[in-house]
Amino acid sequence: MAFNKENLVFVLDVRQGTPEEFKQKSIKICANIMKQKICCAKKDFISFVLVGTAETSNEINSNDCPEDYLNIFQYGEDLEPTTWRLLMNFYQFVNETAGNEGKWLDALVVAFNMLKSASERNKVKNSRIVLFYDFDYGHNSYDAYNEITQSLLQYEVDLIVVSNNIAFIDNADNNEPQAVFLTDKKSDEQLENEKYALRLVSHSNAKLCNCTEAFNIIVNVKSCRPWCWNSHLRIGSGISIAVSGIIMAKNESTIKLRMVWNDTDEELTKEWGYFISGNQICPEEDSLMDGYMLGGSPIPYDETVDDDKLKLPKGLTFMGFIPRNLVYDEYFSGQSTYLILHQRGMKASAKKLDALVRVLLKRNRVILCWKVYSEKFNKPRIVVLIPNEPQPDCPASLNMLEMAHHAQYHFFEFPKLATKKTECSSDQLNAIDNLIDSMDLSLNIKESELPRQGQQKSHLPLNQLPHIFEHNFMDIMERKIICKASEDDAIFEEMLNDKNFVEKFWKLPDRIEEQAKEAAKKVKSEFPLLINREWLAKVKAKMNAKYNDPPNKGDKDADNASLEQLDFDHVRSLSPAEDFIKLLKHYALPIENQTQRDIKFNHYASQLRSVVWNLLFKPKLFIDFNKVSDALEAYRKRCFVFNAYDDYNKWILNVKAEIMKQRLSTFWEKVIVKKELGLCFVAEPSLEEQRRANEFYSLEFGESSSSSALAEAEMENSSIDDLLGNITNC
């Protein structure tokens, strides 16, 4: 059957003087059209013609006119079905060596000759030529112009001309978009080329467009007559309203999944098997019964015993009236939204529906009912009919939306996210409104009078956007095909490296970036991203109350000392704990900026860690356990105040490893374990944190080594204590 087939020839300008950007856009448009046809399983025939190549290869030049139709390269002899292989060949074909000469009328004749030959072999509905050409320069002969355009009309060949210097204005007679060439300083050759290009519209019913609108015009995107679903709305046993359902919005995709690329040795087979406890069995066919899987459990099902199955007639069956505020937006689901109107010519139904809508609006109610599409597909769906406000130029209507649940009822209550503490101020709301207004892509009156890139006055016509699934599917398939082709050809490997499949999903339209920058800055200033540290302050206060001792006379003396000028600016090995506390109180705590205060704390903490490490692992005479213990305890307590427990945990693990290495078991048991100087956690530790803490304190040394025995002897030797006291007094 030929009702959905067409012959299509792309003519691309590859001359050296043609802008590279226009060439790349032309190739991309052709590739996207081919991918769309492949994914939609359209059985169209396509071929290509290059104008401006260094060599000449076309049937007319080879067979009829050796001196004419030069610098035109034809792809193959016949048009080919749209396949991924053809797309790969197209990417290679456009890399033919380019020249400086090439006439677009000659290329049209070559493409027309290919269509004539193809139409004799294949019966198709449409024949089209898409010409991508830069009319800015180049000499062309127009002696056979009228003859060529008449031939296109006679054989009903549709011509679409795409150029980079075309814009759109509103026609003064019918207010429809009209293609024009942009006015600028132009040469005589360019003016002549554009004059004959514009005549194509009247001579051969051609369509002129730019690269922005080319894809939509080529794929023939146009609005269609709305589809109607005629049925009845039945309320009780006495009220029946003849209604028509018109699709307002539909989640529609033209994608048809099928295997279009496979290796020669690939085979797809379906095998049946029956297993019990992992062992395959071979039951008789009569002993099998129908069922379904609920998770990983098989559930038997027999339709004959299902006596409770709901049987409803076609149309809408009333269930009840419910308050509008009880139907949350989260309940809505389904693939489409319908507008329910009375059927044309049904005056009685129109009056009933009008009265019903007015009552629903007055009482703030909606209708909950069953929807059965047809007798054949008798699967009831729960829908909600929401009344629309009456309009003077529109009859009474209802919006029909499907619910997320069909056979069961689930009600959930969620608290509001916005509270009095999180409500936006008037300035914040105004900033959001300005941002939304600045992102409006519709043109104002002044802009609409100037030439524009798009046909419509809107910069983002929603009815011409591809379905999101279709768009993503094409990108994924393109990446797969290019990856497969790159294994054999370096050209496709370079193409894969140049492509950025993610950037397009993050990049905003240029129009939005231009208009919305200032509004976005205002929103940023009104909604500062500040770190909320109130919870941390509460935790710190609780930890201070837990770990800090009550103030005594010594603390008061230390506070008084901190107010005086210190005669040192670093942690000394003679009294590391006292120096560390004084330095923090004098230089760190008075700082109001939290970042700078943390930096100052980390500076002194680094000094303390270095001193403790040297006192513990590199002693000159012996290890002063009391001095090291006081320093560790002071450091650990202040980590809670300055939110530095992560740094402490990493360092204490290194200390543990070195203690294990030097086998200081006495210090470990009598200092680290006894005074609980291990890992520290903010607030109450979780189960995982408790497990980590317990693992930290569990350390097996085995037999005591000489170093650990020496350390223990040092702690119990009174003469050493006396010696230490004498050194201190000195």
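Here is a short chat about some salt bridges and a surface patch in this predicted model.

User: How many salt bridges does a search of the whole structure find?

Analyst: The search finds 13 salt bridges. Let's look at a few of them.

User: What makes Arg128 and Glu6 a salt bridge?

Analyst: The cut-off is a Lys or Arg side-chain nitrogen within 4 Å of a carboxyl oxygen of Asp or Glu. For the side chains of Arg128 and Glu6, the N to O value is 3.0 Å, so the pair meets the cut-off. As background, side chains of opposite charge can pair when their charged atoms come close.

User: Which parts of the chain does this pair tie together?

Analyst: Arg128 sits in strand β5 (residues 126-132) and Glu6 in strand β1 (residues 6-13), so the pair links parts that are 122 residues apart in sequence. Arg128 and Glu6 are both buried.

User: Why do Glu633 and Lys637 count as a salt bridge?

Analyst: Their side chains meet at 3.9 Å, N to O. The limit is 4 Å, so this pair qualifies. Both residues belong to helix α19 (residues 625-641), where they are four residues apart, about one turn of the helix.

User: Why is Lys637 called buried?

Analyst: Buried means under 20% relative accessible area. Lys637 has 17%, so it counts as buried.

User: And is Glu633 buried, partly exposed or exposed?

Analyst: Glu633 has 29% relative accessibility. Partly exposed covers the range between the 20% and 50% cut-offs, so Glu633 counts as partly exposed.

User: How do you know that Arg691 forms a salt bridge with Glu695?

Analyst: The closest N and O atoms of Arg691 and Glu695 are 2.5 Å apart, and the definition asks for within 4 Å, so the pair passes. These two residues are four residues apart in helix α22 (residues 687-697), so about one helical turn separates them. Arg691 is partly exposed because its relative accessible area is 37%, and Glu695 is partly exposed because its value is 43%.

User: Which residues are joined into one network by salt bridges that share partners?

Analyst: That network joins Glu6, Lys37, Asp44 and Arg128.

User: Which residues make the nonpolar surface patch?

Analyst: Tyr274, Ile276, Ile281 and Leu288 make this patch of about 320 Å².

User: What makes Leu288 accessible enough for a patch?

Analyst: Patch residues need over 30% relative accessible area. Leu288 has 37%, so it clears that cut-off and counts as partly exposed. Leu288 is found in the loop between β13 (279-281) and β14 (291-294).

Conventions: Residues are numbered from 1 along each chain as its sequence is written. This is a predicted model: local features need pLDDT of at least 70, side-chain atom pairs count only at pLDDT 80 or more; totals for chains, interfaces and linings use all residues. Side-chain values use heavy atoms; hydrogens and water are left out. Patches are made of residues with over 30% relative accessible area and no salt bridge: like charges are joined within 9 Å, nonpolar side chains (Val, Leu, Ile, Met, Phe, Trp, Tyr) within 5 Å. Accessible areas come from the Shrake-Rupley method with a 1.4 Å probe; for residues, only the protein chains shown count as cover. Buried means under 20% relative accessible area, exposed over 50%, partly exposed in between (1.4 Å probe, protein chains only).
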